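Colleague: Could you walk me through this model before I set anything up with it? I would like to start with strand pairing and then go on to other topics.

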Amino acid sequence: MKFKVNNEEVFASTGGRPFDKNKPLIIFVHGSGLTHMTWVLQTRYFAFHGYSVLALDMPGHGLSSGKSLKSIEDMADWISNVIDAVGYKEASLVGHSQGCLVTIECASRYPNKIKTLSLMGGAGAIPMNPELLALAENNDPKAVDLMMDWAHGPAGHFGGHPVPGLYHINTGGMLAKSRTIKDTLGVDFRACDNYKNGFVAAKTIKIPTLSILATDDKMCPVKEGKKLANLIEGSQVDIIDNCGHMMLLEEADRVLKVLKKFITTHYPVVTK
Amino acid sequence: MSDKEKKKISPKTYKFDTLSLHAGYQPHKNAGSRQVPIYQTTSYLFDDVDHAAALFNLERGGHIYSRISNPTVGVLEERVASLEGGTAALATSSGMSAIFLTVMTLCEAGDHLVVSSQLYGGTVNLFRLTLPKFGIKCTFVKPRDTEGFKKAIQKNTKGIFGELVGNPGNELMNMPEIAKIAHEEGIPLIIDATYQTPYLCKPFEHGADLVVHSLTKWMAGHGSSMAGILVEGGNFDWMQNDKFPTMTKPYEGYHGLSFAEEFGPTAFTMKARAEGMRDFGPCLSPQNAWNVLQGIETLSVRMKKHCSNAEEMVKYLLAHESVAWVSHPSVPDHPDHELAKKLLPNGRGSMIAFGIKGGKDAGVAFINNVKLASHLANVGDTRTLVIHPASGTHSQMDEATLKFAGLSHDMIRLSVGIEDIDDIKNDFEVGFRAARKPRLVSNQ
């Protein structure tokens, strides 16, 4: 579905079901340089089970127009604007990687709007490897190759995609190359590197929060994820073995199972 | 930054030979079985009704029924996708069914394709005779006529199709240039890369959007199992124009799903599986998938030997008194020699076409007298294979079609195997001696 925020067209997948304002809203926020398609194995389930789903393409990414936002703070405000634009007063947020920084900041800034927070491969800060950052800002496709290498665990490097016939690393790489690398990945990496408010924001969050972490995550290691989770009151943590940073694809079923239990418990569909 | 530091940040993703052995399979999810298990089953248990619905709605990955997908076949699909540098793949019961499925996923009645004229005879018949029955028409263009591909495109053209190296004449399509033509028109380039395998050429690196293979040939190598595959490059934007409504508009068969919006770089494969395998059902058996996997494990080792033997045979044939001409991209005066160096850097393949002096009669005598080389309708076996196309693989063509496809009555198609090269040459000497006999008789 397409709608406008700040006069720019936004694309969001609704998970294969019509968007229905009478249903509770879940917003999925992708990681650096990626698109709504990373969420396909989570969004469709919720869309078919009583929720309205928006898996966003951030500005300048995927099918959304405009330019990439340059700071995590701007992205957090933009998410709030999305909620307004689609006519809701509240939403549940799900973020991956950079999307975790965005959703933490958003939940901290707009405590009355955000009802639950689900963080996958999250950390309070995501400082970038300087060489990787330079490659992305210089539009070098090697940045994508490195990201795909580091983002997948040892098992994920062999494949084993939950959808028969799909190959993880090449699919992720193609998503990250779908727009100009320096304008998406380059801007996103810089925004992550610059963001310093994650731990401060986390301390202010009082809503139910879930962190899904993976033992083989090189980009946001378990210890960093736990450090963040420990700052959020009552935060729930789930750790997946033999899995890397791209857990939402590498271990899609496990992620969905945990996410399903968390969201249906803390943000249930109320039948009128 | 020092050289040492630069080296440190290079991607450590697995390379071709490693992927040939490991891609698509995780032993820890299969009882620790080191070899890929053969899931000889038709169907799969659902955890509950909700799980069943989730699988049917494409909410979750997984298997329902082996016509649609199977875990053993899935390993093969991922393995080939990884080797080709593709995002996704769909294995089929044969190479021909992979082509049919690709066309039926791409086109509707009233659509048109531009097709290389130099193809396997069965493929020619599919495009020339069978697809028109479904309302899909084709215009054939000679593979070297790059501008001809452009001129043949119509408003309703949905793609360009060809074999990178044509069967059996060994004429190359200028893939990068033809890809540009296709993309300027907003349509995909589909390449049958059976002759090359991803070891010799990765068409996605040269602009192709979809690749099909007969896995029966070099990929398997052993000549024991029929199989085909469709591989998606993931780079084609189906939403750039309104030519592909079945990819971009809500699809009634899956609750209004738009494949392009939902699956992006894997949309074509998802549609081919969800619709094509559901409705046509040309599925690959798990046993055959496993057999092909055994072949792929040694792909690069075999292809090196195929290519070195082929180059030896080219030299031998060029110097032979019974041979009128030799066509192989490694020959310096082959019209596509330079293009082949660019597109096939690891070797020019093991298919040779040559003309035998004495025409059709000599060809028949040669075929009937070789003993090591097998006379059969296949290519890409580890064993050396020969056939006389005009009376075999392309025999259903009329004279004019044969000529347009670049075939002549003196042509022998040779698929060079990996036997000892001296034994192949010795066998050919027997064939050539027999081929000379009828000419001597007729000259008297």
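Modeller: A word on terms before anything else: two strands pair if DSSP finds at least two bridges between them. Please also keep in mind that this is a predicted model.

Colleague: OK, so in what sense do S6(A) and S7(A) pair, and over how many bridges?

Modeller: Strand S6 of chain A, residues 114-120, and strand S7 of chain A, residues 209-214, pair in the parallel sense, and the pairing runs over four bridges. Within this pair, Met120(A) stands opposite Ile212(A) in S7(A).

Colleague: And what is the strand order of the open sheet in chain A?

Modeller: The open sheet has eight strands in the order S1-S2-S4-S3-S5-S6-S7-S8, and its pairing is mixed. Strand S1 (2-5) and strand S8 (236-240) of chain A are at the edges with a single partner strand each, so one side of each has no neighbour in the sheet. From one strand to the next, the twist averages 25 degrees.

Colleague: Which strands does H2(A) touch where it packs on the sheet?

Modeller: Helix H2 of chain A, residues 72-85, touches S1, strand S2 (8-13), strand S3 (25-29), strand S4 (52-56) and strand S5 (91-96) of chain A, and its direction makes about 120 degrees with that of S1(A). Helix H3 of chain A, residues 98-109, lies across S3, S5 and S6 of chain A and runs at about 150 degrees to S5(A).

Colleague: Switching to helix pairs, how do H1(A) and H11(A) cross?

Modeller: Their axes come within 9 Å and cross at roughly 40 degrees, and H1(A) and H11(A) are therefore oblique to each other. The crossing of H1(A) and H11(A) is right-handed.

Colleague: Which residues make that contact?

Modeller: From H1(A) there are Leu41(A), Gln42(A) and Tyr45(A), while H11(A) brings Ala252(A), Val255(A), Leu256(A), Leu259(A) and Lys260(A). Sorted by class, the contact of H1(A) with H11(A) has six nonpolar residues, one polar and one charged.

Colleague: How about H5(B) and H12(B), at what angle do those axes cross?

Modeller: Helix H5 of chain B (residues 95-106) and helix H12 of chain B (residues 267-279) have axes that come within 10 Å and cross at roughly 100 degrees, and the two helices are therefore roughly perpendicular to each other. Leu101(B), Met104(B) and Thr105(B) in H5(B) meet Phe268(B), Lys271(B), Ala272(B), Glu275(B) and Gly276(B) in H12(B), and these residues divide into four nonpolar, two polar and two charged.

Colleague: Now the domains of chain B, where are their bounds?

Modeller: The domain assignment gives domain 1 as 16-296 and domain 2 as 300-443 in chain B, and the C-alpha centres of the two domains lie 29 Å apart. Their contact takes 33 residues from domain 1 of chain B and 35 residues from domain 2 of chain B. On the domain 1 side, helix H2 (16-22), helix H6 (121-130) and helix H9 (197-200) of chain B each supply at least two residues.

Colleague: Last one: how many residues does each chain put into the contact between chain A and chain B?

Modeller: Chain A gives 36 residues and chain B gives 45 residues. On the chain A side, the elements with two or more residues are helix H1 (40-47), helix H4 (130-137), helix H5 (142-151), helix H6 (168-176) and helix H11 (252-266) of chain A, and the largest share, five residues, comes from H6(A). By class, that side of chain A has 20 nonpolar, eleven polar and five charged residues.

Methods: Residues are numbered from 1 along each chain as its sequence is written. Chains are lettered from A and ligands numbered from 1 in the order in which they are written. This is a predicted model: local features need pLDDT of at least 70, side-chain atom pairs count only at pLDDT 80 or more; totals for chains, interfaces and linings use all residues. Domain bounds come from an automatic or database domain assignment. Two residues are in contact if their C-beta atoms, placed from the backbone, lie within 7 Å. Ala, Val, Leu, Ile, Met, Phe, Trp, Tyr, Cys and Pro count as nonpolar, Asp, Glu, Lys and Arg as charged, and the others, Gly among them, as polar. Axes are lines fitted to C-alpha atoms, for helices over the stretch in contact, and angles run from 0 to 180 degrees between N-to-C directions. Angles under 35 degrees count as roughly parallel, over 145 as roughly antiparallel, 65 to 115 as roughly perpendicular and the rest as oblique. A crossing is left-handed if the near helix is turned anticlockwise from the far one by less than a right angle, and right-handed if clockwise.
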